[in-house]
Amino acid sequence: STPVTAPATPLVLQPPVTPFVPGTAAVGFVEGALVRVANAFKVFVVKAFNLLHIPNPSAFAALGLSWRNIQEVTPSSVSSTPEITLQRGATDFKVYTVRDGKKLHIPNPQAFTKAGHKWEDIVDVQKGFIENTPDASLIRPSDSQKVYRIEKGKLRWITSLQAFNRMKLNWANVAVVTPNELYYPVGKDIK
């Protein structure tokens, strides 16, 4: 498949250096700040005045961050700040949609465009970060209850709960995507 590329200048995660600019989406946050809603588990780093979800301790370590620097914030401050969903390793051409802490490779520029994505929305992250973000092998479009397994570049609908359980799959591994993010052709159903 043809790799998705964009003529963007890489944005690499760095320690906090840029002060908050009034009027941007991340109200009250500074670039590079680590935030977590009180009593919640998701940790974010502020990047380009948006939120980059750090999906696991390995991805956190790849960024060279310190757990001591995490600030607790209100739910409204996080819910009013957009989350970064288009990511690319700073030294790679592959672009991913990231949903629910899992990355889904966008196979080609046509799929990228068809999904309504914009090249300027891609954020480059450190290679170690993207490598430590798990692949989305199970996805469900937000407008449907159908769960698909991605196998060999094809979407395979898992037609029943029995089939899902027989394969010993985990519901926590299902990433919810927009209907436009079903990038792959449909393959044979899993019954």
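User: Happy to start with strand S9: which of its residues point one way, and which point the other way?

Analyst: Good place to begin, and please keep in mind that this is a predicted model. All four residues in question are buried, a label that stands for under 20% relative accessible area. They split into two pairs by direction: Leu138 and Arg140 point one way from S9, and the other way point Ile139 and Pro141.

User: Which strand runs antiparallel to S9, and which residue there stands opposite leucine 138?

Analyst: The antiparallel partner is S10, joined to S9 by 2 bridges. A hairpin of 5 residues connects S9 to S10. Within this pairing, the residue opposite leucine 138 is arginine 149.

User: And which strand runs parallel to S9, with which residue opposite arginine 140?

Analyst: In general, strands of a sheet pair through backbone hydrogen bonds, in either a parallel or an antiparallel sense. For the parallel case, S9 is joined to S12 by 4 bridges. Opposite arginine 140 in S12 stands valine 176.

User: Staying with S12, is valine 174 buried or exposed?

Analyst: Valine 174 has its place in strand S12. Not counting residues up to four places away in sequence, it touches Asp100, Leu138, Ile139, Arg140, Val147 and Phe164. Its relative accessible area is 11%, and the cut-off for the label is under 20%, so valine 174 is buried.

User: How far is the C-alpha atom of valine 174 from that of lysine 102?

Analyst: Along the chain, these two residues are 72 residues apart. In space, the separation of their C-alpha atoms is 8.9 Å.

User: Which residues have the most contacts inside the largest nonpolar core?

Analyst: In soluble globular proteins, nonpolar side chains tend to be buried together. Here the largest nonpolar core has 17 residues. Helix H3 (109-114), strand S10 (147-151) and strand S12 (174-177) are the elements that give two or more residues to this core. The residues with the most contacts inside it are Leu104, Ile106, Ile139 and Tyr183.

User: How many residues does the other core have, the one lying apart from it?

Analyst: Among the members of this other core are Val43, Ala59, Phe129 and Ile130. It lies apart from the largest one, and its size is 15 residues.

User: On to the open sheet of 4 strands: which strands stand at its edges?

Analyst: The order of this sheet is S7-S6-S5-S8, with mixed pairing. Each edge strand has a single partner strand, so one side of each is left without a neighbour in the sheet. The strands at the edges are S7 and strand S8 (123-125).

User: By what angle are neighbouring strands of this sheet turned against each other on average?

Analyst: One neighbouring pair is strand S5 (residues 86-89) with S8, which pair in the parallel sense over 3 bridges. In that pair, glutamine 87 stands opposite valine 123. Across the sheet, with direction ignored, the average turn between neighbouring strands is 40°.

User: Let's talk charges. How far apart are the closest N and O atoms of arginine 36 and glutamate 72?

Analyst: The structure holds 8 salt bridges, and this pair forms one of them. It links distant parts of the chain, arginine 36 being in strand S1 (residues 34-37) and glutamate 72 in strand S4 (residues 70-73). Arginine 36 is partly exposed at 21% relative accessibility, while glutamate 72 is exposed at 53%. The closest N and O atoms are apart by 2.5 Å.

User: In the salt bridge of aspartate 135 and lysine 103, which parts are tied together?

Analyst: The side chains of aspartate 135 and lysine 103 meet at 3.3 Å, N to O. Their positions are 32 residues apart in sequence, so the pair ties together the loop between helix H4 (127-131) and strand S9 (138-141) on one side, and strand S7 (residues 102-105) on the other. Aspartate 135 is exposed at 54%, whereas lysine 103 is buried at 8%. The parts asked for are thus the H4-S9 loop and strand S7.

User: Which residues are linked in a network of salt bridges?

Analyst: One link is the salt bridge between arginine 156 and glutamate 151, at 2.5 Å from N to O. Glutamate 151 is partly exposed, with a relative accessible area of 24%. The network consists of Arg149, Glu151 and Arg156.

Key
Residues numbered from 1 in each chain as written. Predicted model: local features only at pLDDT ≥ 70, side-chain atom pairs only at ≥ 80, totals over all residues. Heavy atoms only, no water. Salt bridge = Lys/Arg side-chain N within 4 Å of Asp/Glu carboxyl O. Buried < 20%, exposed > 50% of the residue type's maximum accessible area, 1.4 Å probe, protein only. Core = buried A, V, L, I, M, F, W, Y, C linked by side-chain atoms within 4.5 Å. Pairing = 2+ DSSP bridges. Axes fitted to C-alpha atoms, helices over the stretch in contact; angles between N-to-C directions. Contact = heavy atoms within 4.5 Å.
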